[in-house]
Amino acid sequence: MKKMFLSPFFTPLFFLMTWGVVLFTVFMFFPEKRFEITVDGAIIDIATYCGYAILLCGMLYFFQDFKTNQRLDWLVYFLLSVCALLREAGIQHHLSSTDSTPFKSRFFLNPNNPLSEKILYGFVLIVFFSMIIYLAVKYSKHLIVSFFKLNTITWSTAVLCCCLVFAKFADRFPANYRHMHGEALSRSAIDTWSFLEESSEIFLPLIAFIIFWQNHLLLKKK
């Protein structure tokens, strides 16, 4: 069982099979419910929060896996996980006193928004993107090389990134379609894209947890 869990193909298969079951179940048996189960407080929302609870608790448990010179990496992972959780909770819509969200370019270009808030949230964005750049610079080369060597952690990380990219694509697709074609998608199509986004986001914290767990077991084998 452990050998299967540590296979580079475990996470891709876990994601595809589990998400496939979710999609099949909803589209086959509850197609008219695909919007209702994605609203705040519904089953998908609850499942996503449970996933983040598992991830954050797991990160605290696996803290000792990071050596002294790796503690900064752990802190970056933890802060990014907290940011993802807060974003999932919609905190960005409650931060600005004058705008819908302080994390879009229009917020900083709008003269009606307070300068103090622009400075504060600009600093937050700088810190956030600094963490992303730090990880990209430190690990990009290793991830590219180790991917072709069937490295387990690398393959799991690739699944995490693909899931994140797809969720963002599904989130923006209805708005981008309206912008490109001058007309909105049907209500049914919008509900479908919303379901695809929200259902895929369930797996983000779970895949991240799997990565930490796999890393823990691989370290024990050394």
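Let me begin with a pair of side chains, those of glutamate 201 and arginine 87, which meet in a salt bridge with an N to O distance of 3.3 Å. This pair links distant parts of the chain, since glutamate 201 belongs to helix α8, residues 187-201, while arginine 87 belongs to helix α4, and the two are 114 residues apart. I should say at once that what we are looking at is a predicted model, and that everything I describe this morning is to be taken in that light.

How do the two partners sit with respect to the surface, buried or exposed or in between? Glutamate 201 counts as buried, because its relative accessibility is 6% and the limit for that class is under 20%, whereas arginine 87, at 37%, counts as partly exposed. The pair is also part of something wider, in that Arg87, Asp171 and Glu201 are linked in a network of salt bridges.

Let me turn to the other salt bridges. A search of the whole structure finds five of them, and one that I would like to show you joins the side chains of lysine 138 and aspartate 73, at 2.9 Å from N to O. Lysine 138 lies in helix α6, residues 115-147, and aspartate 73 in helix α4, so this pair ties together parts that are 65 residues apart in sequence. Here again the acidic partner is buried, aspartate 73 having a relative accessible area of 1%, while lysine 138 is partly exposed, with a relative accessible area of 38%.

Within helix α8 there is a local pairing to set beside these. The side chains of aspartate 191 and arginine 187 meet in a salt bridge of 3.1 Å, again N to O, and both residues lie in helix α8, four residues apart, which is about one turn of the helix. Aspartate 191 counts as buried at 12% relative accessibility, and arginine 187, at 51%, counts as exposed, because the limit for that class is over 50%.

While we are on helix α8, which other residue there deserves a look? I would choose isoleucine 190, which is found in helix α8 and, at 23% relative accessibility, counts as partly exposed. The C-alpha atoms of isoleucine 190 and proline 174 are separated by 6.3 Å, although the two residues are 16 residues apart along the chain. If we leave aside neighbours within four places in sequence, isoleucine 190 is in contact with Pro174 and Leu185.

Next, the loop between α4, residues 71-88, and α5, where glutamine 92 is found. What does glutamine 92 touch, leaving aside its neighbours within four places in sequence? Its contacts are Leu86, Arg87, Ser100, Thr101, Pro102 and Phe103, and you will recognise Arg87 there as the partner of glutamate 201 in the salt bridge I opened with. Glutamine 92 itself counts as buried, at 13% relative accessibility.

Finally, the surface charge. Lys104, Arg106, Lys168, Arg172 and Arg178 gather in a patch of positive charge on the surface, and helix α7, residues 152-181, gives the most to this patch, with three residues. Another member, arginine 106, lies in helix α5, residues 105-109, and is partly exposed, with a relative accessible area of 47%.

I will stop there, with the glutamate 201 and arginine 87 pair still on the screen, and I am happy to take questions.

Note on methods:
Residues numbered from 1 in each chain as written. Predicted model: local features only at pLDDT ≥ 70, side-chain atom pairs only at ≥ 80, totals over all residues. Heavy atoms only, no water. Patch = residues over 30% accessible without salt bridge, like charges linked within 9 Å, V, L, I, M, F, W, Y side chains within 5 Å. Areas by Shrake-Rupley, 256 points an atom, 1.4 Å probe, with all protein chains shown as cover. Salt bridge = Lys/Arg side-chain N within 4 Å of Asp/Glu carboxyl O. Lys, Arg positive; Asp, Glu negative; His and termini not counted. Charge placed at Lys NZ, Arg CZ, Asp CG, Glu CD. Buried < 20%, exposed > 50% of the residue type's maximum accessible area, 1.4 Å probe, protein only. Contact = heavy atoms within 4.5 Å.
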